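This report describes the fold, the nonpolar cores and the cysteines of one protein chain.

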Amino acid sequence: MNFKPFEKKIWLSSPTMHGDEQKWVNDAFEKNWITTAGENVNEVEKLVSDYIGCNYAVALSCGTSALHLAVKLAGEKLYGMPKPNEGTLQGRKVFCSDMTFDATVNPIAYENGEAVFIDTEYDTWNMDPVALEKAFELYPDVKLVVLVHLYGTPAKLDEILAVCKKHGALLIEDAAESFGATYKGKQTGTFGIGNVISFNGNKIITGSSGGMFLTDNKEDADKARKWSTQSRENAPWYQHEEIGYNYRMSNIIAGIVRGQISYLDEHIAQKKAIYERYKEGFKGLPVSMNPYDEKNSVPNFWLSCLIIDEDAMCKQVRSGTESLYIHEKGKSCPSEILDVLSKYNAEGRPIWKPMHKQPIYRLNPFVTADGNGRARTNAYIDGSCTDVGEDIFRRGLCLPSDNKMMPEEQDIIIQIIRGCFA
Ligand SMILES: *Cc1c(COP(=O)(O)O)cnc(C)c1O
């Protein structure tokens, strides 16, 4: 291969601005609503709830704060008001997607709960409903499930909702990565009792930061709004009856989001074209793209990923912070591909490392489809294959998926990756 490195870096996923964002930010300046209230905040709540098809959207500082309030609301519903110095999930187990970003999990810890990680399935790379059922057999008292739609691909919602229903558990959807994706024609973020999207800088649309709590329940929306503004009571002075947070979205951020919303569908179309182009371009290579349920779901294609066939994996070892590989003819591995991409000034990323493999959560339970989970992982500590999440982490990677990447640039990336298998 004799390509030169890209002069302008090809990003994994970077913000794409259109001009309207600046207009609404300026509007906030002109009206001097430089605070966590104003027209932009009200308007984005309306635009998002209309788009999603939920009754209420509460604009917050980020997806993580939205998840915190969602988890806290669910905890209060299930277990009542916590004692002083305790969280609403005090000592309780919560089932949670394993292959995700840690922002999904941390809010469970903020409320003093214990996440039990549920292994992943190969069809959508999301929570395995079979493993979830096993988890309820092992821990029948659990009443809350936090489900992620990874990389914008809807999870097996029918199956997961059926398991939740059977065991009387509530569902929270972390749709931070999947805004605009649908399952059987319905938006992700409408299936749980309280759900979350994010406007972080690398998401499908962005406000630089920001997030939202989505619900159909007015009381929950009001409560989230109150908690997010330091739990001020309706009084002439600062009156407080419960713990509060400073989690409300800024009217400046909301201006950016307001300008972005009408471009969501365009971004999804661009991301889909990128996914299809990779799929076509990798024909004949021993790899496949991140899969989805073509019959029942439409992803937002936020990130395109690939997974390498087992017998085309060259030798690769990873410690906590580093990785080594040995190139073999006709084979490759994620570490090699990421290395080569970065030499050409293109950004890929490893698959999100499963939570049960994270040092901070190493003592939390982990359940696989055969019900073994943590025990099985330890039995296979020699590095031979263990669970689904770890397998996808080992063989998969996220590809440059920026919607400003030109088709010619993407073709070069495809050629670079083909070269890795030479
Ligand atoms: C980005 C992300 C979040 C957190 O959103 P922020 O707005 O960055 O706080 C939560 N969960 C997942 C799966 C994410 O990708």
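## Overall build

Of the chain's 422 residues, 56% count as buried, that is, under 20% relative accessible area with a 1.4 Å probe and only protein chains considered, where over 50% is exposed and anything in between partly exposed. The model is predicted, so local features need pLDDT of at least 70 and side-chain atom pairs count only at pLDDT 80 or more, whereas totals for chains, interfaces and linings use all residues. Residues are numbered from 1 along each chain as its sequence is written, and side-chain values use heavy atoms, with hydrogens and water left out.

The chain holds 13 helices and 17 strands, taken as DSSP runs numbered from the N terminus (helices: H or I, at least four residues; strands: E, at least two). Its C-alpha trace spans about 75 × 55 × 40 Å along the principal axes. The radius of gyration, taken over C-alpha atoms, is 22 Å, which agrees with the value near 22 Å for a compact globule of 422 residues (2.2 Å times the number of residues to the power 0.38). Contacts are heavy atoms within 4.5 Å; among those between residues at least 6 apart in sequence, 69% join residues at least 24 apart.

## Nonpolar cores

A nonpolar core is a set of buried Ala, Val, Leu, Ile, Met, Phe, Trp, Tyr and Cys residues joined through side-chain atoms within 4.5 Å. The largest has 38 residues, of which V48, Y151, F179, F199, M212 and I351 touch the most other members. Elements giving two or more residues to this core include strand 1 (56–60), strand 9 (211–215) and helix 2 (39–52). Helix 2 gives the most, with four residues. Leaving aside residues up to four places away in sequence, F179 touches ten residues' worth of neighbours listed as V48, Y51, I52, I197, F199, I204, I205, L264, I268 and N300. Another core, of 32 residues, lies apart from the largest and includes I274, Y292, L338 and L341.

Strand 1 is mostly covered, with four of its five residues buried. Strand 1 and strand 9 run antiparallel and are joined by five bridges (pairing requires at least two DSSP bridges). V58 has F213 in strand 9 as its bridge partner.

## Cysteines

With a disulfide defined as a pair of cysteine sulfur atoms within 2.5 Å, the count is zero.

| Cysteine | Nearest cysteine sulfur | Distance |
|---|---|---|
| C96 | C164 | 12 Å |
| C333 | C314 | 3.4 Å |

The C333 sulfur is therefore too far from that of C314 for a bond. C96 counts as buried at 0% relative accessibility, and C333 is likewise buried at 0%.
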